Structure formats: structure tokens, C-alpha cells
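Here is a friendly walk through one protein model, from its core to its sheets and one buried side chain. Please have the sequence and the 3D view at hand.

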Amino acid sequence: MSSAETGSDRLAGLLAEHRDLEAQLADPAVHADAARARRLGRRYAALAPVVETARALDAARDDLGTARELAGEDASFAREAEQLETTVTGLTARLTELLLPKDPDDEKDVILEIKAGEGGAESALFAGDLLRMYLRYAERRGWSTEVLDAVEAELGGYKDVAVAIKSRTDEGIFARLKFEAGVHRVQRVPATESQGRIHTSAAGVLVLPEAEEVDVQVDPNDLRIDVFRSSGPGGQSVNTTDSAVRITHLPTGIVVSSQNEKSQLQNRESALRVLRSRLLAAAREEAAATASDQRRSQVRTVDRSERVRTYNYPENRISDHRVGFKAHNLDAVLDGDLDPVLDALTAAHTAELLAVGS
């Protein structure tokens, strides 16, 4: 089957899916289940650009045919045909891009984890800077955030912090933030450095699509749940009740904990949210291991050995090593101005997919 035929079949399938979703969302019974309605609404919104572009392309092609027919009688139609040819070319390219295979998790909210790495106290401070950067970016985008768990460091910052980021609309967040996964490196003079020497330290960022219960079924019999007292910087106890929760998923060995909430029940639910998302990510990676190169290129990797970005304070420079992006506005980026680098990563990823499909 040719790529054109494949694209045509895919377009027909997506248009049919859009019509089906429109019918479902018009049914009042669907909205009795808020989670289902939100899931359907997100998918419907994700398909809207495909439908709009396909309709615009059909209309432009019809107009082009008419203009060509009339060009022999009126020269103005010949000029209009030239303009419409440019329009058709542009819309065709746009539709081709929209029909590229998508990551199945692009429309989901995310759980973003930041872990201090090499560099000791300076790494923990940097992890705190990264957290603020993502919180500020979420604020700029109108997303809501919720810190699920945080282990603070003695001198400030975080040893480990997990935050849920949710869209207030039908916008998919994972599609925007998935390329943030990896090791982020900072070069600067630490506050504890008396000689003024520049140090390099790093923190790991993990971006997980937030799994809903329909995505991952967790058998309670597969869980070992331990409770303990929450601790603050330096390990001191911050309350007198066993409210913190640690959950071990026995089949996989995945361990998650939460101590940010005051009640054991709330911490248990926060830990389960992270566990479901990690299990979903693990399932996606396992499936990708046997998939085609094209499919693997779309799947988020969480290889902590890959240093994806450097934040150089002395030169006020941010460098993303994957796409060669550089900008001398580090202060603005750390204040949440992430769109330019995320746009560059998304554009490079799209170009790779187009090259594979050509």
C-alpha cells in the first residue's frame, strides 16, 4: 500500500471517529460520567485540526477546479488559480503533518517528577529551580498543578518532588512536555562556593502520562503498603502520626511513596496516582521495544544517562543538546518562558517523522 493510500485511509478513519465522538458528546447520558465525557472531549478537540484542515483543503480544491475552468474566459480567474494552487499546497502539507502517527498518550495530563542527582546540595537546589520553572510555565498556559509528594533537602530545594499537571481545557499536556524527560545539567557558582568556582550538577526529570483507572488496573493483592511518619529536611519527623505511605508493586518491584498530605488516605491516593502512571509508562515502553523504528521514535525515553539540556548561568545561556537549540535568556526560561525550546523540539520531532514517512 502506498503512503498516499495509507494517509487517505487514516484520514477517513479519523473523520469517522470525529463524527462518532460528536454523536456521543451530544448524548446527555455521556455527561453523567464526568471522566468519560472529559476523555471524549479531549479526543474530539485533538481531532478538530484534522477535520478543519481536511474541509478547508476540499473547499480549496473545488475552488481551484472552478477557477481553472473559467481561466480561459477571464484572466482574473487564472491569477486566482495560481493563488489557490499555493493554498492547496500549503493545506496538503499541513494535513500530511496532522496525519502523522501520534503518541497514544499525547492528550493526557502528566505527572512530572524531578530528582536531585550528582552535585549534592547544589543539585537539590537546582531541582527546586526546575520545579519553579515548570510551575511558572503551567501558570502561563493556564494549567493547574498539584504537588503530590516532596522530599525537601536540608539546605533548600528538593531531593525528590512529584507534581501533577492538569489542563483546564481539552488541551493535551503530555504532547507538550514529554520531551522534558532526561537529565538537566546546571553550570553555576553554588551559594556554598567561597572561591567563586563554577560547578556542574544535574537533576533528572521524568514525565509520565497520568493514567486513569481505565488505563491501568491495579490488583490490591499485588500491593504491599507501608506507613511511616512524614519527615522534613534532614530527616526530622514533621508530625506525630503515621500518615506517610509507601506502596510497593510486587510484580514489578516499583516503589512509590507520598508524605505531602496530612492524612494517610490522601497520601495513599497520591501514591496510587504515581504508581498507575509508572505502570502505564512501563507498559508503553515494553510495547515500543518490539515496534518499528518509526513507532519507537515517538515514544518518550527516560534514559537518565542522556543529558538533554544545559543551563549555563555565567553566560545566561540555555542549550538543548538534542536539536542544537541555544538562547541567551536563561533567566526568562527559568521564569517559565519555555515555549521557544519546546517548539524547537516539537518541530524537530515532526521533521523526523516526515522523513521516515517520505
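Which residues of the largest nonpolar core touch the most other members? They are Ile114, Leu130, Ile165, Leu177 and Tyr311, out of 36 residues in that core. A nonpolar core here is a set of buried Ala, Val, Leu, Ile, Met, Phe, Trp, Tyr and Cys residues joined through side-chain atoms within 4.5 Å. Buried means under 20% relative accessible area, exposed over 50%, and partly exposed in between, with a 1.4 Å probe and protein chains only.

Before going further, a word on the source: this is a predicted model, in which local features need pLDDT of at least 70 and side-chain atom pairs count only at pLDDT 80 or more, while totals for chains, interfaces and linings use all residues. Residues are numbered from 1 along each chain as its sequence is written, and side-chain values use heavy atoms, with hydrogens and water left out.

**Confidence and overall make-up**

pLDDT is the predictor's confidence in each residue, from 0 to 100. Its mean for the protein is 85, and 88% of the residues reach 70 or more. Two stretches have pLDDT below 50, as the table shows, together with their contacts (heavy atoms within 4.5 Å) beyond near neighbours in sequence.

| Stretch | pLDDT | Contacts in the model |
|---|---|---|
| Residues 1-5 | below 50 | 3 contacts |
| Residues 291-305 | below 50 | 36 contacts |

The protein has 9 helices and 11 strands; these are DSSP runs numbered from the N terminus, with helices (H or I) of at least four residues and strands (E) of at least two. Of its 358 residues, 40% count as buried. Among contacts between residues at least 6 apart in sequence, 62% join residues at least 24 apart.

**The cores**

Back to the largest core: the elements giving two or more residues to it include β1, α4 (121-141), β3 (158-166), β5 (199-209) and α9 (339-357). Helix α4 gives the most, with 8 residues. Leucine 130 touches Ile114, His184, Ala203, Val205 and Tyr311, leaving aside residues up to four places away in sequence.

**Two open sheets**

One open sheet holds 8 strands in the order β2-β3-β1-β5-β4-β9-β10-β11, with mixed pairing. Two strands pair if DSSP finds at least two bridges between them. Because β2 (144-152) and β11 each have a single partner strand, one side of each is left without a neighbour in the sheet. At the β11 end, 3 bridges join β10 (residues 317-320) to β11 in antiparallel fashion, and serine 319 stands opposite lysine 326 in β11.

The other open sheet has 3 strands in the order β6-β7-β8, paired antiparallel. Its edge strands are β6 (223-228) and β8 (254-258), each pairing on one side only. Strands β6 and β7 (residues 244-249) are joined by 6 bridges, and arginine 224 has threonine 248 in β7 as its bridge partner.

**Aspartate 109**

Is aspartate 109 buried or exposed? Aspartate 109 counts as buried because its relative accessibility is 5%. This residue lies in the loop between α3 (75-98) and β1 (110-116). Its side chain makes a polar contact with the side chain of lysine 166 at 3.5 Å. Here a polar contact is a pair of N or O atoms within 3.5 Å; within protein, one must be able to donate a hydrogen and the other to accept it, and residues adjacent in sequence count only if both atoms are side-chain atoms. The backbone nitrogen of serine 167 lies 3.0 Å from a polar atom of the aspartate 109 side chain.
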